[in-house]
Amino acid sequence: MLTVSNLSVQFGKRILFDEVNVTFTQGNCYGIIGANGAGKSTFLKILSGDIDPTSGHVSLEPGKRMSVLNQNHNMFDEYTVLETVMMGNKDLYEVKREMDELYLNYTDENADRIGELQIRFDEMDGWNAESAAATLLSNLGISEDFHYTPMGEMDAKLKVRVLLAQALFGNPDVLIMDEPTNDLDFETIAWLENFLAHYENTVLVVSHDRHFLDAVCTHVSDIDFGKINHYSGNYTFWYESSQLAAKQRAQQNKKAEEKKAELEEFIRRFSANVAKSKQATSRKKMIDKLKLDDIKPSSRRYPAIIFDTDREAGDQILNIEGLSASIDGEILFKDIDLNMAKGDKLVVISKDSRATTAFYEILNGNKQAESGKVEWGITTTQSYLPVENHEFFDNDLTLVDWLRQWAKTEEERDEVYVRGFLGKMIFSGEEALKTGRVLSGGEKVRCMLSRMMMMRANVLMLDEPTNHLDLESITAFNNTLKNFKGTILLTTHDHEFAQTVGTRILELTPNGAIDRYMTFDDYLDDPKVKELRAKMYS
């Protein structure tokens with residue numbers, strides 16, 4: 001379907017891709033993964049023709065159509081929402097546009113041309129195109145009220161959904177998407193997962209959402225050492241198998257037969273889990289065809305995120321009574337009552353992200369509540385990862401001096417200790433002497449996590465902690481939170497995070513709170529909760 005031949009990309013002295021040869025075939029969904037800076041987005045731009053490679057070429061099978069999720073959110077501001085979606089199929093849209101223009105100036109001379117266009121339009125199923133576009137929009141949460149609204153008047157988060165509908169429109173033969181779940185709620189992501197899991201054409205996707213990758217991918221395409229290798233299976237299979245292969249490589253004395261048996265057992269176990277998964281589709285059965293050769297260790301580095309506590313908290317953690325908050329007269333949440341127990345791992349959600357952020361800011365004394373009271377247990381110590389961290393880096397301190405601010409002992413203030421700490425968080429050598437002002441978003445979050453680790457609090461508050469992090473950091477972070485012995489309050493758009501960490505769900509609405517001891521998946525699937533949610537947001 002799509003072939004990449006002898007592709008090389010070089011920026012200055014830096015070689016991003018070196019003689020890459022890969023083929024993407026019909027019916028498969030490829031999750032493109034790689035460390036930050038490996039070239040994932042660059043590769044997609046080369047495939048879509050936005051960037052030229054240094055050498056080599058990309059060829060799409062003749063007669064096939066490629067569609068790309070547009071990243072320029074203002075490109076279609078003068079068009080209506082429905083028009084924007086239909087522009088996803090350029091050929092069909094051009095035929096329709098020419099027909100409309102000829103109809104406006106109808107003459108005997110252009111009647112023949114209109115007839116030709118009508119035949120082409122009919123072959124493209126053009127007469128059903130508008131209703132198909134409207135259905136896509138509705139499935140993505142854009143109601144009919146907005147279908148004829150100019151894109152320039154649409155909210156930024158809704159624009160993302162329109163552009164997603166544009167990419168999906170008309171059943172393209174090759175679909176290319178870079179971070180398609182950004183700014184989507186869990187329900188819309190679930191719809192997209194289901195759509196792609198049953199999609200019969202070729203899909204290439206870059207995403208930091210592991211649940212999404214697991215639900216849709218038949219293959220992982222790993223960018224490493226300037227090459228791209230395909231591996232059968234989804235992201236979790238790739239991660240676990242690469243970890244197993246790395247462990248086996250380190251076991252020099254282990255016999256080859258024992259290693260082979262261990263790998264075969266791993267494949268059997270994983271295949272059985274996939275078959276039982278509610279996301280299992282016929283496309284995922286290909287995991288049964290896995291070969292041992294598919295399993296190779298990865299060169300990835302995972303940060304050592306480990307949260308220790310100075311003391312164990314008592315039974316009284318957090319008591320909230322009648323808490324309410326608003327912005328400019330608009331109610332974010334009201335009358336929230338909550339009593340947190342020791343060891344609770346609370347996932348705090350809302351359809352309005354301003355509500356969850358206001359909640360954390362009130363708990364940390366950074367914002368005044370409209371009403372109500374917040375009382376922390378006397379044995380608790382808290383550390384907080386805010387969604388915005390700019391103020392922490394508005395200085396010229398090196399990372400060593402920056403992190404030293406949260407040292408508690410003389411030993412922790414020692415440069416060797418601080419550098420060792422930063423090294424575990426993948427700031428090695430000269431990187432430890434950078435200042436906060438020059439850090440990327442992901443590096444800043446890794447610094448904020450280092451700060452939290454130094455504080456050794458027994459209550460962690462995390463507002464969208466996976467923002468800006470790469471898959472390696474997200475995976476390491478997720479694993480450590482599952483094992484954390486203290487109490488957690490967590491807000492995240494990462495489904496896997498919410499499902500594997502949370503033991504209790506608190507949803508903040510303008511009409512009160514929903515509080516349930518259940519997993520995140522159970523919460524989303526529960527009919528009574530669905531009914532209550534609809535009522536609380538009405």
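Contact here means heavy atoms within 4.5 Å. The structure is a predicted model, in which local features need pLDDT of at least 70 and side-chain atom pairs count only at pLDDT 80 or more, while totals for chains, interfaces and linings use all residues. Residues are numbered from 1 along each chain as its sequence is written, and side-chain values use heavy atoms, with hydrogens and water left out.

With contact defined, Asp-494 is a convenient place to begin. This residue lies in the loop between β16 (487-491) and α17 (495-501); helices (H or I, at least four residues) and strands (E, at least two) are DSSP runs, numbered from the N terminus. Asp-494 is buried, with a relative accessible area of 2%, where buried means under 20% relative accessible area, exposed over 50%, and partly exposed in between (1.4 Å probe, protein chains only). Leaving aside residues up to four places away in sequence, Asp-494 touches Phe-186, His-208, Arg-210, Thr-466 and Ile-474. Its side chain also reaches the backbone nitrogen of Phe-497 at 3.0 Å.

A second aspartate, Asp-344, is found in the loop between β11 (330-341) and β12 (345-349). Asp-344 is buried as well, at a relative accessible area of 5%. The side chains of Asp-344 and Arg-504 are joined by a polar contact of 2.7 Å. A polar contact is a pair of N or O atoms within 3.5 Å; within protein, one must be able to donate a hydrogen and the other to accept it, and residues adjacent in sequence count only if both atoms are side-chain atoms. Beyond four places in sequence, the residues touched by Asp-344 are Gly-486, Thr-487, Ile-488, Thr-503, Arg-504 and Tyr-517.

Turning to the sheets, an open sheet of 6 strands follows the order β5-β6-β7-β3-β8-β9, with mixed pairing; two strands pair if DSSP finds at least two bridges between them. At its edges are β5 (66-68) and β9 (227-232), each of which pairs on one side only. On average, neighbouring strands of this sheet are turned by 20° against each other, direction ignored. Axes are lines fitted to C-alpha atoms, for helices over the stretch in contact, and angles run from 0 to 180 degrees between N-to-C directions.

Within this sheet, β5 and β6 pair in the parallel sense over 3 bridges, and Met-66 stands opposite Val-174 in β6. On to β7, 5 bridges join it to β6, again running parallel, with Leu-204 of β7 as the bridge partner of Ile-176. Strand β3 (residues 29-33) also pairs with β7 (residues 202-206) in the parallel sense, over 3 bridges, and here Leu-204 is the bridge partner of Tyr-30. Strand β6 (residues 174-178) is mostly covered, as 5 of its 5 residues are buried. Val-174, Ile-176 and Asp-178 point one way from β6, while Leu-175 and Met-177 point the other way. Helix α9 (residues 235-250) lies across β3, β8 (219-224) and β9, and runs at about 55° to β8.

Another set of strands centres on β10 (residues 316-327), which holds Ile-320. The β10 strand runs antiparallel to β11, joined by 8 bridges, and Asn-319 stands opposite Asn-339 in β11. In this hairpin, with 2 residues between the strands, Asp-328 takes a positive phi near 50°. Strand β13 (residues 371-376) is likewise antiparallel to β10, through 5 bridges, and Val-374 in β13 is the bridge partner of Ile-320. Ile-320 is buried, with a relative accessible area of 1%. Although Ile-320 and Asp-337 are 17 residues apart in sequence, their C-alpha atoms are 5.2 Å apart in space.

Finally, the open and enclosed spaces were examined. On a 1 Å grid over the protein atoms alone, a cavity is a set of points where a 1.4 Å probe fits but cannot get out, and a pocket is an open set with protein on both sides within 12 Å along at least five of seven lines; lining residues have an atom within 4 Å of a point. Grid points are joined across faces, edges and corners, and a volume is the space filled by probe spheres set on the points. The largest pocket contains about 1,200 Å³ of space. Its lining has 40 residues, of which Lys-157, Asp-183, Leu-184, Glu-464 and His-493 lie nearest its centre. Helix α11 gives the largest share of this lining, 4 residues. The whole structure holds 1 cavity of 30 Å³ or more, and the largest cavity has a volume of about 60 Å³. Among the residues lining the largest cavity are Leu-385, Val-445, Asp-463 and Glu-464.
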